[in-house]
2 protein chains.
Amino acid sequence: MPKTPNERFHAVIPAGGVGSRLWPLSRAAAPKFLHDLTGSGRTLLQGTWDRLVPLAGDRIAVVAGAAHESGIREQLEALLPANLFLEQSPRDSTAAIALAAAILSKREPDVIIGSFAADHAIADEQAFARTIREAIEVAATGRLVTIGIQPTFAATSFGYVHAGAALEVAGAPNARQVKDFVEKPNKALAQEFFESGNFLWNAGMFVAPASLILEQLSKSEPELHDRILEIADAWDTPKRAELVSKFWPQLKKIAFDYSVAEPAAAEGLVAVIPAEFEWHDVGDFAGVAELLSGGRPDNLAVIGDAQLLAEDSSGILVGQSKRLIAVVGLKDIIIVDTPDALLITTKEHAQSVKNIVETLKNSGHGDVL
Amino acid sequence: MPKTPNERFHAVIPAGGVGSRLWPLSRAAAPKFLHDLTGSGRTLLQGTWDRLVPLAGDRIAVVAGAAHESGIREQLEALLPANLFLEQSPRDSTAAIALAAAILSKREPDVIIGSFAADHAIADEQAFARTIREAIEVAATGRLVTIGIQPTFAATSFGYVHAGAALEVAGAPNARQVKDFVEKPNKALAQEFFESGNFLWNAGMFVAPASLILEQLSKSEPELHDRILEIADAWDTPKRAELVSKFWPQLKKIAFDYSVAEPAAAEGLVAVIPAEFEWHDVGDFAGVAELLSGGRPDNLAVIGDAQLLAEDSSGILVGQSKRLIAVVGLKDIIIVDTPDALLITTKEHAQSVKNIVETLKNSGHGDVL
């Protein structure tokens, strides 16, 4: 009996990126996915894992930088040792995803992989599972299936998925054809997208047969494809280190959207499932504050151990020290109190935190990055 | 040859009050006068001492709570042991000043005392000395002489001295009669005062013969006067402790303005010297910020050891830890970073810090007060 689409499914969690807009909580040594930013008691990585277990059991792999091996292993006790794919150095999303696709398809040629970033927050796990099950059904028909987030406002900070006609796939009543991907729009275009109803936020989650991903890559980036395949062939052998050393440092850095998703869309091979769930990319502290406010925008939410005394204030406090923190008369404030660095800013300036990190990098303060 | 007025002069520094609006820098154990709040490298108490040395040499006494003895002795190496008058408990300003007046006049009956709070900031020491020398000349004519600060705006947070006709006293060309003292006015009255030119801020500094102070007190508060005199008689004897224990705890708490200054004004015995110098009472962090901004209101000034990275921000940072503090996009911010407590507020809310301290007191956080 052939495997069902669900039986072919294997999840992949690319855990990359430091999240410098979340400094000083997020550091090179402790990037944002290793932190609890939702107040749930689980880190973003653990939350991602927890959401995938009902769909994939222990068929979950993590692709991450070698520096984070111990942090990841500590947080994910159920992660199978063979399913942690460590990158020698960051080579952008195509290398990370293609490496996972190549290793997993070598182990299991008909595998359908689903890629889910380690640093997203999705509270409704059941709605997530329903959406991904539809995506798996559609992926089994030979498509790359993205998850589209229904816009709640005219965002200019996300790329968009342009959805076309409904697809007729059993078990996937919400699936639609994707016409194309659109990069971050300007304000006017974002407003048009928002009103049309046919444009969804591209959350970077997708499900596809590994073979489809590799085939697309072989057409768009043949050299990158061939090197990744050579590394993957050696991965579960004693020759892994040799091949990684030989090829990894020279791999082309290119985003998966450019190398695979967009070319596949141009061939009519991409579908989208509009998500039923609320989704946060937790990109900066304004996002964290939104996530934690819980419909109480006048609240000053606390993550961590700080003792807070707040008057006439709102926003968030991320506290890693147990000391007393008094905040008076500050709206939309962001306070991040760590042992060696303190950040104080506002929601409005949350994006500027990245500049602070740049300044620190350039002024010899690498010790706090 | 009789002593000159200057030879009769003895300065007194009442060092009372915790300064709870300067929490968490100012604590019960380390009140504001023990801190450098001007960025000068000297604490407020040391600054007060330094200003008085050219006028009084080592004829300077300090009246303070017993808890602050060691802090004061450490900061004022030149303070003569016999000139530190320790209060068993706080009994308001009349008891503090009358005790000093009584002890000093017992030692030297014709002494002229000048009282200068330990927590004021006055940068121009020469102008200060000129003003006080005038006050000493007028005091020698048998008057209580206050120092009036020329208002720079219609303040409602100070009491006022209502100045009358010029006095004809040699060596005191700026002296004026005082008609009366006026308590903190409402906004409209403050505006009237500001425009009239005849109302000066009452900075609580005064110079007067000790005998005049004690005589006024004997009329307005005879019981308080008599007990203070009994304590003072025993002060430089082995019976000091006995008399202090017996009388001090029951002394009436009353402000010097009510017990002595206002009754003396009603008798026509009060004069004022309008100050030529800039004066700050450093009452709250907004005052500290003003003092430190140095005409650069867009600056974020630093007191202490913090490494500050500020962007698009103004106000003050008081840092007791050496860690890195990044501040982005906050105007008129007040940040006070101490080992066990962090305060974040704005200049506008500087007065509310007092409420925070009250709240902490009532919620079992006495450890950080």
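Me: What makes chain A and chain B count as touching in this predicted model, and how many residues are involved?
Reply: Two residues are in contact when their C-beta atoms lie within 7 Å. By that criterion, 28 residues of chain A are in contact with 28 residues of chain B.

Me: Which elements make up the side of chain A that touches chain B?
Reply: At least two residues each come from strand 11 (307–311), strand 13 (324–328), strand 14 (333–337), strand 15 (341–346) and helix 12 (353–362) of chain A. Strand 15 of chain A gives the most, with six residues.

Me: What is the character of the residues on the side of chain A that touches chain B?
Reply: They divide into 16 nonpolar, seven polar and five charged residues.

Me: How do you know that strand 13 of chain A pairs with strand 15 of chain B?
Reply: Pairing requires at least two bridges between the strands. Strand 13 of chain A and strand 15 (residues 341–346) of chain B are joined by four bridges, therefore they count as paired. The two strands run parallel, and A:V327 stands opposite B:I344.

Me: To what sheet do these strands belong, and in what order do its strands stand?
Reply: They belong to an open sheet of six strands, ordered 11(A)-13(A)-15(B)-14(B)-12(B)-10(B), with mixed pairing. From one strand to the next, the twist averages 10°.

Me: Why are strand 11 of chain A and strand 10 of chain B called edge strands?
Reply: Strand 11 of chain A and strand 10 (300–304) of chain B each have a single partner strand, so one side of each is left without a neighbour in the sheet.

Me: How do you know that strand 12 and strand 14 of chain B are paired?
Reply: The requirement is at least two bridges. Strand 12 (residues 315–319) and strand 14 (residues 333–337) of chain B have five bridges and run parallel. Within this pair, B:V318 stands opposite B:V336.

Me: Which helix of chain B lies across strand 10, strand 12 and strand 14 of chain B?
Reply: Helix 11 (residues 285–293) of chain B does, running at about 105° to strand 12 of chain B.

Me: Why can chain A be compared with a compact globule?
Reply: For 369 residues, a compact globule would have a radius of gyration near 21 Å, and chain A has 21 Å, which agrees. The C-alpha trace of chain A spans about 65 × 50 × 35 Å along its principal axes, and 48% of the residues of chain A count as buried. Chain A contains twelve helices and 15 strands.

Me: Which domains does the UniProt record annotate in chain A?
Reply: An unreviewed UniProt entry assigns "Nucleotidyl transferase" to residues 11–286 of chain A, a span that is 39% helix and 20% strand. The annotation "MannoseP isomerase/GMP-like beta-helix", also from an unreviewed entry, covers residues 312–360 of chain A. Over residues 312–360, chain A is 16% helix and 43% strand.

Me: Why is B:E137 called buried?
Reply: A residue is buried if 20 or more other C-beta atoms lie within 10 Å of its own. B:E137 has 23 such neighbours, so the residue counts as buried.

Me: Where is B:E137 found, and which residues beyond its sequence neighbours is B:E137 in contact with?
Reply: B:E137 is found in helix 5 (residues 125–139) of chain B. Leaving aside neighbours within four places in sequence, B:E137 is in contact with B:P5, B:V169, B:A170, B:G171 and B:A172.

Definitions and conventions: Residues are numbered from 1 along each chain as its sequence is written. Chains are lettered from A and ligands numbered from 1 in the order in which they are written. This is a predicted model: local features need pLDDT of at least 70, side-chain atom pairs count only at pLDDT 80 or more; totals for chains, interfaces and linings use all residues. Ala, Val, Leu, Ile, Met, Phe, Trp, Tyr, Cys and Pro count as nonpolar, Asp, Glu, Lys and Arg as charged, and the others, Gly among them, as polar. The radius of gyration is taken over C-alpha atoms; the globule rule is 2.2 Å times the number of residues to the power 0.38. A residue is buried if 20 or more other C-beta atoms lie within 10 Å of its own, exposed if 12 or fewer, and partly exposed in between; C-beta atoms are placed from the backbone. Axes are lines fitted to C-alpha atoms, for helices over the stretch in contact, and angles run from 0 to 180 degrees between N-to-C directions. UniProt positions are given in the numbering used here, feature names are shortened, and annotations may be inferred rather than shown by experiment.
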